[in-house]
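Q: I have a model open and want to go through its pockets, then a serine and the cysteines. Can you take me through them?

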Amino acid sequence: MYWASNRFVWVPFYAVLLYLIIRHFKHKAILIVVMIALMITVSDQISSGLVKNWVHRLRPCHNPDLISQIHLVNGECGGSFGFFSSHASNSFALSVFLILIAGRRVRRLGLILMSYCILVSYSRIYLGCHYPLDVIAGIIFGSVLSYIFARIYFMYEARFDLKKIKPNSP
(Lines give C-alpha, C1' and ligand atoms only; values in the text may rest on other atoms or scores of the structure.)
Protein backbone atom coordinates (compact mmCIF):
# COMPACT_ATOMS: atom_id res chain seq x y z
CA MET A 1 0.00 0.00 0.00
CA TYR A 2 2.98 2.28 0.54
CA TRP A 3 3.79 2.04 -3.15
CA ALA A 4 0.17 2.64 -4.17
CA SER A 5 0.29 5.98 -2.35
CA ASN A 6 3.63 7.01 -3.79
CA ARG A 7 3.01 9.36 -6.72
CA PHE A 8 6.37 8.59 -8.34
CA VAL A 9 5.46 4.91 -8.71
CA TRP A 10 2.64 6.02 -11.00
CA VAL A 11 4.89 7.93 -13.45
CA PRO A 12 4.88 5.08 -16.03
CA PHE A 13 1.07 4.92 -15.76
CA TYR A 14 0.84 8.68 -16.31
CA ALA A 15 3.19 8.36 -19.30
CA VAL A 16 0.88 5.74 -20.84
CA LEU A 17 -2.10 8.04 -20.23
CA LEU A 18 -0.24 10.89 -21.93
CA TYR A 19 0.54 8.61 -24.89
CA LEU A 20 -3.14 7.60 -25.14
CA ILE A 21 -4.26 11.23 -24.97
CA ILE A 22 -1.88 12.18 -27.79
CA ARG A 23 -2.79 9.12 -29.85
CA HIS A 24 -6.54 9.47 -29.57
CA PHE A 25 -7.00 13.23 -29.41
CA LYS A 26 -4.15 14.39 -31.68
CA HIS A 27 -4.43 18.20 -32.06
CA LYS A 28 -6.66 18.50 -28.97
CA ALA A 29 -4.06 16.80 -26.74
CA ILE A 30 -2.40 20.08 -25.75
CA LEU A 31 -5.71 21.50 -24.54
CA ILE A 32 -6.46 18.30 -22.61
CA VAL A 33 -3.04 18.22 -20.94
CA VAL A 34 -3.32 21.91 -20.00
CA MET A 35 -6.82 21.30 -18.59
CA ILE A 36 -5.55 18.33 -16.57
CA ALA A 37 -2.63 20.35 -15.21
CA LEU A 38 -4.94 23.20 -14.18
CA MET A 39 -7.50 20.84 -12.69
CA ILE A 40 -4.93 18.92 -10.60
CA THR A 41 -3.40 22.21 -9.44
CA VAL A 42 -6.82 23.53 -8.37
CA SER A 43 -7.69 20.22 -6.70
CA ASP A 44 -4.44 20.04 -4.80
CA GLN A 45 -4.39 23.69 -3.73
CA ILE A 46 -7.97 23.62 -2.48
CA SER A 47 -7.54 20.37 -0.56
CA SER A 48 -4.03 20.93 0.82
CA GLY A 49 -3.80 24.70 0.88
CA LEU A 50 -7.31 25.68 1.96
CA VAL A 51 -9.50 22.94 3.39
CA LYS A 52 -6.93 21.03 5.46
CA ASN A 53 -5.71 24.21 7.12
CA TRP A 54 -9.24 25.48 7.65
CA VAL A 55 -10.78 22.27 9.06
CA HIS A 56 -7.75 21.22 11.19
CA ARG A 57 -8.80 17.57 11.44
CA LEU A 58 -5.86 15.48 12.64
CA ARG A 59 -4.87 12.51 10.56
CA PRO A 60 -5.44 9.15 12.28
CA CYS A 61 -1.67 8.68 12.50
CA HIS A 62 -1.37 12.01 14.40
CA ASN A 63 -4.37 11.40 16.66
CA PRO A 64 -3.05 10.66 20.18
CA ASP A 65 -6.04 8.39 20.87
CA LEU A 66 -5.31 6.20 17.85
CA ILE A 67 -1.52 6.30 17.47
CA SER A 68 -1.01 3.09 19.47
CA GLN A 69 -3.37 1.21 17.13
CA ILE A 70 -1.81 2.38 13.87
CA HIS A 71 1.15 0.69 12.25
CA LEU A 72 2.97 3.24 10.12
CA VAL A 73 4.64 1.86 7.02
CA ASN A 74 8.13 3.36 6.67
CA GLY A 75 7.25 5.73 9.53
CA GLU A 76 5.54 8.19 7.17
CA CYS A 77 2.26 9.88 7.88
CA GLY A 78 2.13 13.22 6.10
CA GLY A 79 1.19 16.62 7.43
CA SER A 80 -0.78 17.15 10.62
CA PHE A 81 -4.19 17.55 9.01
CA GLY A 82 -6.02 15.19 6.69
CA PHE A 83 -9.49 16.41 5.74
CA PHE A 84 -9.89 15.87 2.82
CA SER A 85 -7.61 13.48 0.95
CA SER A 86 -5.59 15.16 -1.79
CA HIS A 87 -4.61 11.76 -3.18
CA ALA A 88 -8.27 10.77 -3.59
CA SER A 89 -9.25 14.17 -4.93
CA ASN A 90 -6.44 14.36 -7.49
CA SER A 91 -6.74 10.77 -8.70
CA PHE A 92 -10.52 11.00 -9.10
CA ALA A 93 -10.27 14.42 -10.77
CA LEU A 94 -7.85 13.01 -13.36
CA SER A 95 -9.74 9.77 -13.92
CA VAL A 96 -13.29 11.10 -14.08
CA PHE A 97 -12.16 13.92 -16.40
CA LEU A 98 -10.55 11.44 -18.79
CA ILE A 99 -13.58 9.15 -18.67
CA LEU A 100 -15.91 12.06 -19.40
CA ILE A 101 -13.93 13.36 -22.37
CA ALA A 102 -12.77 10.04 -23.81
CA GLY A 103 -16.17 8.44 -23.92
CA ARG A 104 -15.86 5.28 -25.99
CA ARG A 105 -12.59 6.19 -27.70
CA VAL A 106 -10.40 4.08 -25.44
CA ARG A 107 -11.88 0.74 -24.46
CA ARG A 108 -11.57 -0.35 -20.85
CA LEU A 109 -10.21 3.06 -19.87
CA GLY A 110 -12.89 3.56 -17.24
CA LEU A 111 -12.19 0.23 -15.55
CA ILE A 112 -8.44 0.85 -15.47
CA LEU A 113 -8.80 4.42 -14.19
CA MET A 114 -11.35 3.52 -11.53
CA SER A 115 -9.15 0.63 -10.34
CA TYR A 116 -6.25 3.09 -10.04
CA CYS A 117 -8.40 5.56 -8.07
CA ILE A 118 -9.79 2.96 -5.71
CA LEU A 119 -6.34 1.51 -5.02
CA VAL A 120 -4.82 4.94 -4.31
CA SER A 121 -7.78 5.99 -2.15
CA TYR A 122 -7.88 2.77 -0.14
CA SER A 123 -4.13 2.91 0.42
CA ARG A 124 -4.56 6.25 2.22
CA ILE A 125 -6.94 4.63 4.73
CA TYR A 126 -4.79 1.51 5.04
CA LEU A 127 -1.68 3.56 5.80
CA GLY A 128 -3.46 5.49 8.57
CA CYS A 129 -3.17 8.79 6.72
CA HIS A 130 -6.92 9.36 6.36
CA TYR A 131 -10.25 8.41 7.82
CA PRO A 132 -12.76 6.93 5.35
CA LEU A 133 -14.72 10.22 5.36
CA ASP A 134 -11.55 12.10 4.32
CA VAL A 135 -11.26 9.84 1.28
CA ILE A 136 -14.98 10.00 0.45
CA ALA A 137 -14.89 13.80 0.58
CA GLY A 138 -11.82 13.77 -1.70
CA ILE A 139 -13.60 11.47 -4.14
CA ILE A 140 -16.65 13.72 -4.25
CA PHE A 141 -14.62 16.91 -4.61
CA GLY A 142 -12.36 15.48 -7.32
CA SER A 143 -15.32 14.11 -9.27
CA VAL A 144 -17.27 17.38 -9.11
CA LEU A 145 -14.18 19.35 -10.12
CA SER A 146 -13.57 17.02 -13.06
CA TYR A 147 -17.16 17.49 -14.22
CA ILE A 148 -16.69 21.28 -14.16
CA PHE A 149 -13.44 21.05 -16.09
CA ALA A 150 -14.96 18.61 -18.60
CA ARG A 151 -17.77 21.11 -19.25
CA ILE A 152 -15.16 23.83 -19.81
CA TYR A 153 -13.23 21.50 -22.13
CA PHE A 154 -16.35 20.73 -24.19
CA MET A 155 -17.12 24.43 -24.42
CA TYR A 156 -13.65 25.16 -25.83
CA GLU A 157 -13.77 22.10 -28.04
CA ALA A 158 -17.05 23.27 -29.58
CA ARG A 159 -15.66 26.74 -30.10
CA PHE A 160 -12.50 25.33 -31.70
CA ASP A 161 -14.45 23.05 -34.04
CA LEU A 162 -16.82 25.89 -34.94
CA LYS A 163 -13.88 28.09 -36.01
CA LYS A 164 -12.54 25.21 -38.10
CA ILE A 165 -15.86 24.91 -39.96
CA LYS A 166 -16.44 28.64 -40.52
CA PRO A 167 -13.05 30.40 -40.55
CA ASN A 168 -14.43 33.69 -41.96
CA SER A 169 -17.15 34.17 -39.29
CA PRO A 170 -16.93 37.42 -37.29
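A: First the residue classes: Ala, Val, Leu, Ile, Met, Phe, Trp, Tyr, Cys and Pro count as nonpolar, Asp, Glu, Lys and Arg as charged, and the others, Gly among them, as polar. The model is predicted, so local features need pLDDT of at least 70 and side-chain atom pairs pLDDT 80 or more, while totals for chains, interfaces and linings use all residues. Residues are numbered from 1 along each chain as its sequence is written, and side-chain values use heavy atoms, without hydrogens and water.

Q: Which classes make up the lining of the second largest pocket?
A: Nine nonpolar residues, with no polar and no charged ones. They are Tyr14, Leu17, Leu18, Ile21, Val33, Ile36, Ala37, Leu94 and Leu98. A pocket here is an open set of points on a 1 Å grid over the protein atoms alone, where a 1.4 Å probe fits, with protein on both sides within 12 Å along at least five of seven lines; lining residues have an atom within 4 Å of a point.

Q: Which element gives the largest share there?
A: α2, with four residues. Helices are DSSP runs of H or I with at least four residues, numbered from the N terminus.

Q: And how much space is in the largest pocket?
A: About 690 Å³, taken as the space filled by probe spheres set on the grid points, which are joined across faces, edges and corners. Of its 27 lining residues, Ser5, Asn6, Arg7, Phe8 and His87 are the closest to the centre.

Q: Which helix gives the most to that lining?
A: α4, with five residues. By class the lining of the largest pocket has 15 nonpolar, eight polar and four charged residues.

Q: Switching to Ser91. Buried or exposed?
A: Buried, at a relative accessible area of 1%; the cut-off for buried is under 20% with a 1.4 Å probe, protein chains only. Ser91 lies in α4, residues 86-102.

Q: What does its side chain reach?
A: The backbone oxygen of His87 at 2.9 Å, and that of Ala88 at 3.3 Å.

Q: Which residues does Ser91 touch further off in sequence?
A: Leaving out residues up to four places away, Tyr116, Cys117, Val120 and Ser121; touching means heavy atoms within 4.5 Å.

Q: How many disulfides in the whole structure?
A: Zero, where a disulfide is a pair of cysteine sulfur atoms within 2.5 Å. For Cys117 the nearest cysteine sulfur is that of Cys129, 17 Å away. Cys117 is buried at 0%, and Cys129 is buried at 4%.

Terms used
Helices (H or I, at least four residues) and strands (E, at least two) are DSSP runs, numbered from the N terminus. Buried means under 20% relative accessible area, exposed over 50%, partly exposed in between (1.4 Å probe, protein chains only). A polar contact is a pair of N or O atoms within 3.5 Å; within protein, one must be able to donate a hydrogen and the other to accept it, and residues adjacent in sequence count only if both atoms are side-chain atoms.
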